[in-house]
Structure formats: C-alpha cells, structure tokens
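Here's a quick tour to read with the model open beside you. Keep a finger on the sequence as you go, and look each residue up when its name comes up.

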Number of protein chains: 2
Amino acid sequence: MPYKAPVRDYQFLFNDVFKIEQYSNLKGFEEASPDLVAAILEEGARFTEEVVAPLNGPGDKEGCVLNADHTVTAPKGYKEAYQQMVEAGWPALGGDPKYGGQGLPHVVSTAYSEMLTGASSAFAMYPGLTDGAVAALTAGGTDELRDLYLPKLISGEWSGTMNLTEPHCGTDLGLLRSKAVPDADGTYKISGQKIWISAGEHDFTSNICHLVLARIEGGPAGVKGISLFLVPKFIPDADGHPGERNSLQCAGLEHKMGIHGNSTCVMVYEDAKGWLLGNAHEGLKIMFYMMNNARLGVGLQGLAIGHASHVAAVEFAKDRLQGRALTGPKSPDKPADSILVHPDVRRMLLESRALLEGGRAFLTWVSLQADLAKGSEDEATREKASDYMGLLTPVIKAFLTEKGLKVTQDSMQVHGGSGFTEHFPASQYMRDIRITLIYEGTNGVQALDLVGRKLSSKGGRSVMTFFGEIDAYVAEHEGGKAPAFVKGLKETKAKLMDGTMWLMQNGMGNPDAAAAGSLDYLHIFGLTSLAYMWAMMAESAQAAIDAGSTDPYYATKLKVGRVFLDRILPEADAHLQRMKAGAEDLFALEDEEF
Amino acid sequence: MPYKAPVRDYQFLFNDVFKIEQYSNLKGFEEASPDLVAAILEEGARFTEEVVAPLNGPGDKEGCVLNADHTVTAPKGYKEAYQQMVEAGWPALGGDPKYGGQGLPHVVSTAYSEMLTGASSAFAMYPGLTDGAVAALTAGGTDELRDLYLPKLISGEWSGTMNLTEPHCGTDLGLLRSKAVPDADGTYKISGQKIWISAGEHDFTSNICHLVLARIEGGPAGVKGISLFLVPKFIPDADGHPGERNSLQCAGLEHKMGIHGNSTCVMVYEDAKGWLLGNAHEGLKIMFYMMNNARLGVGLQGLAIGHASHVAAVEFAKDRLQGRALTGPKSPDKPADSILVHPDVRRMLLESRALLEGGRAFLTWVSLQADLAKGSEDEATREKASDYMGLLTPVIKAFLTEKGLKVTQDSMQVHGGSGFTEHFPASQYMRDIRITLIYEGTNGVQALDLVGRKLSSKGGRSVMTFFGEIDAYVAEHEGGKAPAFVKGLKETKAKLMDGTMWLMQNGMGNPDAAAAGSLDYLHIFGLTSLAYMWAMMAESAQAAIDAGSTDPYYATKLKVGRVFLDRILPEADAHLQRMKAGAEDLFALEDEEF
C-alpha cells in the first residue's frame, strides 16, 4: 500500500480554483512561478513517497528508545531521512529569506507539509515542531536571538519543541508550576517538569531548542504570570556553535497508542539557562503565535493521515476479490468481483474522498489567507485575511481532525478483518490520527474558542465578513456553472446562520448553553466552509470542461462533489437540532449521579 | 480505573421494565427466582470486577506467545482465572441441564456475559467462542456427539472455536478451499488453512473443539458445497477423555490492533480427523446457528467495552481538576474545578450513557425473545420471538458496535492527552472494540442482511409485527407516564417507516440503491429500537417514582433519557436523507476514477 501524494489536487487548487498566479505581486509569490510550484509538488511527492513513506510502518513497530544516558534513538532510517530532507532544503521552503529561508508562499509549503505528514506523521512532527519554535522566536525574540537561532532552525540544522503541559496542568495553564529565576546576566534559571513533549529528544540535530512556559519567581498567579523562555539543549557560543550542555534532559518516553516514531518526552529542567521571549508575564501572547501555527498543523495532520489511509483503502478495495455485484458478476472470468462493486464500500470510499478534497481546499484557502495577511499591500486585505485566520483556525483544527478520524475509520472498515491486523497500514493510521483530536487543545476547546472568543472578537467583524463573502458568492453564482453546489452552500449557510442567531439569543446570558452546543456549531461551520470550497471547485471544474478540457480529472471532481452534497451536507440538520437542546439536560444531573 | 459492572441497570431491567418474574412458567425461569437472579448479578459483578478486570490491562500489554512446539501461552493469570471461572460454574449458567448446564434463562446469562466482556473482552472471548460451538453441536450433532462433547463444552472443561475464514475468503465463503475427504469409519480427513481463529490455541482446557467449514471432495462449487465439521484437538476416547493428538496446529499468531489477550491463530489442518455436523453440503445452515449466536455476542461486546470505557471516563472526569465552570468556580477551595463542570465533557459522558443504557435494554429485550422462542408454550409467541431474533440480530450486532465505538471515542476524548497514553485504559478499549464492527460479518454485511434478507423474509412478517408492536405501544402510552418519550418513539418510528417505504419503492428494482442506504437504514432501525426501550424504561422509572420510591436511580434514569431524546434521536433525519440519495452518485464513477 504505497503512499501517493495528492499532487493533482494541489495543481487543481493552485491553478484552477485559487489561481495563485494572480498574487504574483505578493511577497513570496513573485518567486513562485507556475513551473517552480509544479516542480516543488512533483519533487515533494517523490521525496515523501520514496524516502519518507517507507519509514512509516517500520517506525511504528520499532518506536523510540530512551538510552541510559538520556539520549533518545528514533526508529531506523529516521536520522538519515531527516538529513536528506535538510540537505534538499525542504524545511526552509517557507522560511524568511532574511534568515536563509526560501520565502515561498505559505500555500506552497503547506502542500509540501501535507505530503510529508501523509507519508509519515510521526516523522513529520520533528520538523513540524520546529516551525512552532520559529513562529515564537519571530514573534518574541530579540534581534540577537533571532539572528543566532532562526537560520539554524529554518534550515532544519537545529530543531525546536513546545513545552507547555505539566502532569497536573494541560488545558488550564494557569496551574503551571515550572519556575524561572532571574540570573545576573539577564537570562533565567528554569526548573520544572514538562510532559508530552513531542520531538523532545532525538539525535537528528546538533541542537534542540525548547520553548518553555514557566512562571518568573514572584510573578502573578494564574495565566497572567506565565512567561515563555527559549531553553536550548546546548548553549550556543557567539558564532552559533552548540557549546555547553544545558541542565535539562529527557527523563522518560510516553507509551502511546500511536505516533510511535515520534519521541514524546518527559522533560526535566533543573536550573537550565533560558532566555525570555517577549515581555515577562506575557508568555501566553507569544505562545499563541506558536499555538495557532500548531493548530493549523494539526488540522493538516488530520487531513494528511486521512488521505494516506484512503489511498491504502482504495488500493485494497481494487485488489480484494470477494462476492459478486448485486446486479450480476462484473468480472465473470475471476473467482469473485473486486469489493469495489459493493455499494457500501463505494460509499465509504467516496464519502472519504468528498471530505478529503473539500478539506484540502479549505486548508489551502486558509493558507492563502496567511499569505495575504502577511504580504498584501492593501491594509484592508491584510486585516480581513488575518481575521479569517483567527476565526477559522479552530475550525481547521477540529473539523479536519474529526473528519480525518471518520476517514481512517472507514478506510479500516473497507479492509475488513485485514484492517485490524498490523500487516496493513489501516490500524496505524487510525492510531496515529487519534491524537489530533486531542493535542494543541482538544476539539472541545477549539469549539469553545470559536464560540466563546472568535465569534465575538472585534465586535463580530470576522464572522460577519466571512458570512458576507459567502452570501455574495451565492448571489453571484446561483445562476452559474454549478447551481446544485451553490444551492447546497446556500442551504447549509442558512443553517449556520440559524445556529449563530441561536447562540446570540441564548448563549449571551447562559454561557453553558453556548458551550454545550459549541462542537455541534463548529461542525456546521466546517460543513459550510467545505460547501463553499466545493462550490468553488465545482465551478472551476465545470469551467475547465466548458473550455474543452478532456482531462477526466474535472468530470471526476464533479462526481465526488455530488457525494459531498448527497451524503455529507445532510449532517448539518442533526447538529443544529442538537445544539438547540441547550445545556439544561446536561446540568440536570448532580455530580454524584454520574 | 477499576471496572464496575452495571448491576443496578440489570436489576431495573429485570424487575421494573421487563418484569421477568412474569415468565415463571417458562423453562428456566422457574428456577430463576428474584433472589437467585439478584445473587447471580451480585456474584457475577464480584467475580468479573475482582478476578477478571485486573487481568485486562496487563493482558493487553503482554499478549499471547506462540511457542516453538506450536502451543500458545496466554497472558499471565488468564489460565488461573479461567479455571476459577469453570469451578464456580459460570460458563454453564445458561447451558442445557441435560448436559450439565444450569438451564437459567438466556436473559440472565446475557447479563453475566456483559459483565465478563466488560471486565476483559479478550478474556471473555475464550468462553464466548465455546458458546458458538455448543450452538452448532446442538443444532447439528448426532446424539452420540452431543453426549460426548456437550457436557465438557458447557462446563468449560473444553473450549470451542469457529473456523471459517481463509486468506482469500472472508465474507465470500463460496471461495473456500479447505477440503474434507470421507474416511472408511464415517469420519472425514480435513485439510486446509484457516486464519483469524479466535481462541484457536491456548493452555486453559484439556481439549479444544474446532468447528471447521470445508468442502467435501467432489461437492458442488460455491456455498452450496460447504459442510461443517467438528475437529477436536485431541480425539476423545469413548469415555470422553482426550486421547490421540489430531493433526492440526496453530501455525502463527496474528498481530492485531487490539484484543491482544486473545490468541488469534492461523490454524493448519492436515488430514485431521473430523466429524460431519448436519448434512453434507449443508454446513452453512448449521454455521448460521453458531454465527447468529456470535453476532449477538459481538453486539454485546460493543456494549460491554463501551460501558467499561465510560466507567473509566467518569472516574477520570471526577478526579481531573482543570479550569473553572463558565458560570463561576464550583470548587473555590481547590486549585481548579473537576472537568465535570464543562458542558462538552458532560455532553460526551451523558450521550454515552444514553446509548449504553438504551443498548443494554435492547440487548436484554432481544435476549428475552431468545428465551420466549425456546421456552414459550404458546406457538404464536415462540414464532414471533423467533422472528424478532432473526430480524434484530443484524441490528444488535451493527448498531451496538457502531455506538460502542462512539462511546469509546468520547471516553478517550474526556481523558484529554492522558487518553492517548497507555497508562490509562481508554486506548485499549478503543483498540479492543474496533474489531467488533468487522468480525462475524462487517457492519456493512449486517446492513445488507437486514435490508436484503430480513425485511422481506416470510413476506415481511417479522418487520410488520415489530412495527405493529411499536404502533400499539405508542397508541396505548401516548397519554401515559412518559409522553415525551412516546412522542420521540412515534416520530422516529415514522422516519423508519418512511425509510422502509422508500426501500420498497426503490430497492426492489434496484438492489444497489437499497444496499447503498442499508447502513443508514440500519441506524434508523437501531435508533427506533432504542427509542422503544427508552419509552419503556421511562414509563417504568416514572411508575416507580409515582409509587413513592425514593431511590434516586429512577429520577436519574429519566434525566439520562432526556439526553437520548435531545441529542441522539436527531441523527435519524440525516440517515434518512442520506439513504434516499440512492446509489446513483456512488456508481457514477468508473473503477479507474477511484
């Protein structure tokens, strides 16, 4: 079941749907000629399919090993593949050219990231975590720190981690106990224990830069007293060579259901030397740069693992001969038909694909907003794009991971009994994806963020602009090339509006009612967003057909889109009905009745 | 996170809802006095909670080992617990007294089975598979075979297995290649390779009786030429002592995502001595006795593992302090509130419970039908009960496992990051339950069985009787003690009727259309069945309250039921809409477009 990267989908999204060439005046896009982007997609596919994907299964079985000297050995082949990746310049794709990055659009590096993650999510997390560290240093580092660290992090020569969680303190960061004591030289001595630190220790890079949340001694209690520190494994000298070993170490590896190839570490800091990022006590602000980046990355992970599992399911279904079509044998010369003849198998495969292709468009569109927010010359465009990023980050994170899980479930189901054995990759994909609904804020936390914070932020400006954009699209395209898709979008958007009004009327005075329906509301939001993407994709596919293209890709796209309309959109009603139940039934029970 | 058996639920179902005392004229029930049943529930809970449950986690980590001599060693403690179980007489609970069984009602032994499976599903499969062998021997064994084998199997002294699947042949049994050659003494020589044989080899019992599907040499091709054989590991002498070792062995163990404590074997037969059960070439008929038994057992497994995971999630939620209630601190004296204050956590826990309590009632009600089908003196009652068993077996199997999976997913989600680690049991429950959607016929196969076979069997008599019973219940109870529940049932039943009519109008001429919506239809069927159960439970709970009971159990039951009405029943609409999409969209794609 080899991994196949979704190259053709990205070509379609870049060239037909979002026409990224039109942004050639934006920073980064001027370099991204269609030829270069095509080459990146092709080469990215080759690298991830041929070099990374073969490590995924063995890495799951082998896992990481903590050695007696507290070093960690990753699965066989990981280190070599990592080095090959760094030498080829992949990690630097979207990095700031000022620090050695290639400065290509975020939308392009996102496509590569999906391929890398689909090929092996456990492997992709090593460079993935580094991206978060780059974001934090960019947002909160002094010029000196940035000059020293960013080139090494962007190239992948060094890696990064995020240290937030402590045993008693996950979502509720106000409880954290790690402490920082100011030192005479302006640095801090960091002490504490952190858990679930992905890529916390390994032997790929000559340094590992830990981003650590801690409370400066005497700082305020709760989240208002938390600061963010850069705590490198080796303290660099002035030339940027890793020098003295800092007093931190990996004290244990977590035994997990999946992502075995990534080292999930217990990290212990004992008076480790750390540098403050941003202002004292304002660490959460900087952390959120890193966190938002990570949340988008987790949504991408949901999509990528879902895609990989779907590829395996399609291949299995085509090969597996079992039973006959209900309408008579399709392959009478063979002992049985392939299971692709069975309606329920087709249903699972096509629902998966409708979700994946819609999700990929959504992720690409949001990545484009990141480019616009950063690079547009027009302030209003930058502002709108930035609003969208804020609004849609929790939707990307939660919706793409929930649907990614559904895809991996259906992919396993297509395999029948084989899917439950570890000889086929279905089990690994399901075990690997499960964490994406949890980490970087559980999906329940994402839903609370959407409903409790994002909807009302800036007086509701973000959400009203987004809704307005959809309404305008509907008005403009109702008589267009893909009326069924515009109708599906219009109807789902109306349900989203209904849910939004309900929240405004019922959630203001009763936060429990809003929270009780928040995940259902997020689902309606996600369905509407995908309906918008599918309307745009259908329009573009139909336009290509109308223009005389004979590429069968376009006709297939419309067929898959119909499955989205028929079988995915109907879920919105149930979510709306559920959210309107409010919180009363959930709070009717006393604690002791649970 | 110790396992807690649902004793109180079964007391409620037995005494308040289904009032099993009224059946004291039925075979088996005359022995089942309320006191005895209460003692069985209490003692079953004690045994499963204290003896079996502690083996579950360690058994998952340790797994089974295939030794060089082809014997299999199960996890530590399994053998001793099995022996303790046999000595206490648990496997014989529902067995035929003619062969040493205790002859208690099926409804009572089902309650015990849920507890055993919830405590450890991998362990429970060892005696569980034996039940299937007993069913097959009872249906197809000669008197001699029955006299020789049944006492040992019913007591648990020997165990049984089911050997259906071959590498190229799962659902499509017509493809099987295992062969049987008649021997001079009336037995057969069985040769072939079988895979995924649960409990295929272990060291708990002095004999293992394999039920093996094979084709008698020269028999017709396809399923019409399949026969069922009893192939014991040791050939018993006339006194029933295991004698000569038969030429069969375990050639390998499957590496699986879950149920690690159960030995899933590759079994190889080389001219092994086997006894034909039933008629030659009619093995499938006998196999279905065993299979229907197994399908109900798998539905039970979905419920039981779901319950166990829910128990762990409730305990975690009560202990975990994180964040504050949205309406202000609930435990101001503690560093944070328990996560039970969060609406989304309560939602997950209560949806789980609404499904589990409804599912448990459904399983109990169907088990009661098994007792009626077997023991009623009234032919019409026996016939109706038998019809119900046939109709509802695929619903029990598929619906309870689909919902069980949802429960384990939500239970893991309640755990946050801890749920993904193997320090908590959430991961094991999710890995263990996943096979239940697949084996003994995937849920897609169950849905086909329901729609393609069960609905129309006997001219639709079964389904029309079932619908008529619900309509009569609604008519009688609309003005009764639980009107909201009767209304929910009435509305959901109307959707089921709508779906049934659609199938009649569209499925007859177009089997693909019927099959495409079959799993959605099965979901509506399951929701209606659970709505019926909830209506009866609510009626009974309200009756107890009206009669002055101060037991808080009854009020809690009504509160959980409201969550069922508010949050579970709304799913029916989406399923109905999806099934009405037919098959056209699924067949619009050619194979090469997948």
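Among contacts in chain A between residues at least 6 apart in sequence, what percentage join residues at least 24 apart? The figure is 74%. Keep in mind that this is a predicted model, so treat what follows as a reading of a prediction.

**Chain A as a whole**

- If you count up the secondary structure of chain A, you get 19 helices and eleven strands.
- Chain A has a radius of gyration of 24 Å, and the globule rule gives 25 Å for 594 residues, so chain A is as compact as a globular protein of that length.
- Want a feel for its dimensions? Picture a box of roughly 80 × 60 × 60 Å along the principal axes, filled by the C-alpha atoms of chain A.
- Of the 594 residues in chain A, 64% are buried.
- About 20400 Å² of chain A is exposed, and 53% of that comes from carbon and sulfur atoms.

**Two covered helices**

- Take helix α18 of chain A, residues 571-579: seven of its nine residues are buried, so the helix is largely enclosed by the rest of the structure.
- The buried ones in α18(A) are A:Glu571, A:Ala572, A:Ala574, A:His575, A:Leu576, A:Arg578 and A:Met579.
- Over in chain B, helix α11 (residues 426-433) is mostly covered, with eight of its eight residues buried.
- The buried residues of α11(B) include B:Tyr429, B:Met430, B:Arg431 and B:Asp432.

**Zooming in on B:Ser121**

- You'll find B:Ser121 in helix α5 of chain B, which covers residues 121-140.
- B:Ser121 has a relative accessible area of 4%, and the cut-off for buried is under 20%, so B:Ser121 counts as buried.
- Which residues does B:Ser121 touch, leaving aside neighbours within four places in sequence? Its contacts are B:Asn56, B:Ile259, B:Gln301, B:Ile305 and B:Asp432.
- One of those contacts, B:Asp432, is also among the buried residues of α11(B).

**Empty space inside**

- Rolling a probe the size of a water molecule over the atoms shows where empty space is left.
- In this structure there are six cavities of 30 Å³ or more.
- The largest cavity has a volume of about 1300 Å³.
- A total of 43 residues line the largest cavity, and those nearest its centre are A:Lys403, A:Lys406, B:Lys403, B:Lys406 and B:Glu571.
- Is there a mix of residue types in that lining? The split is ten nonpolar, eleven polar and 22 charged.

Definitions and conventions
Residues are numbered from 1 along each chain as its sequence is written. Chains are lettered from A and ligands numbered from 1 in the order in which they are written. This is a predicted model: local features need pLDDT of at least 70, side-chain atom pairs count only at pLDDT 80 or more; totals for chains, interfaces and linings use all residues. Side-chain values use heavy atoms; hydrogens and water are left out. On a 1 Å grid over the protein atoms alone, a cavity is a set of points where a 1.4 Å probe fits but cannot get out, and a pocket is an open set with protein on both sides within 12 Å along at least five of seven lines; lining residues have an atom within 4 Å of a point. Grid points are joined across faces, edges and corners, and a volume is the space filled by probe spheres set on the points. Ala, Val, Leu, Ile, Met, Phe, Trp, Tyr, Cys and Pro count as nonpolar, Asp, Glu, Lys and Arg as charged, and the others, Gly among them, as polar. Helices (H or I, at least four residues) and strands (E, at least two) are DSSP runs, numbered from the N terminus. The radius of gyration is taken over C-alpha atoms; the globule rule is 2.2 Å times the number of residues to the power 0.38. Buried means under 20% relative accessible area, exposed over 50%, partly exposed in between (1.4 Å probe, protein chains only). Contact means heavy atoms within 4.5 Å. Accessible areas come from the Shrake-Rupley method with a 1.4 Å probe; for residues, only the protein chains shown count as cover.
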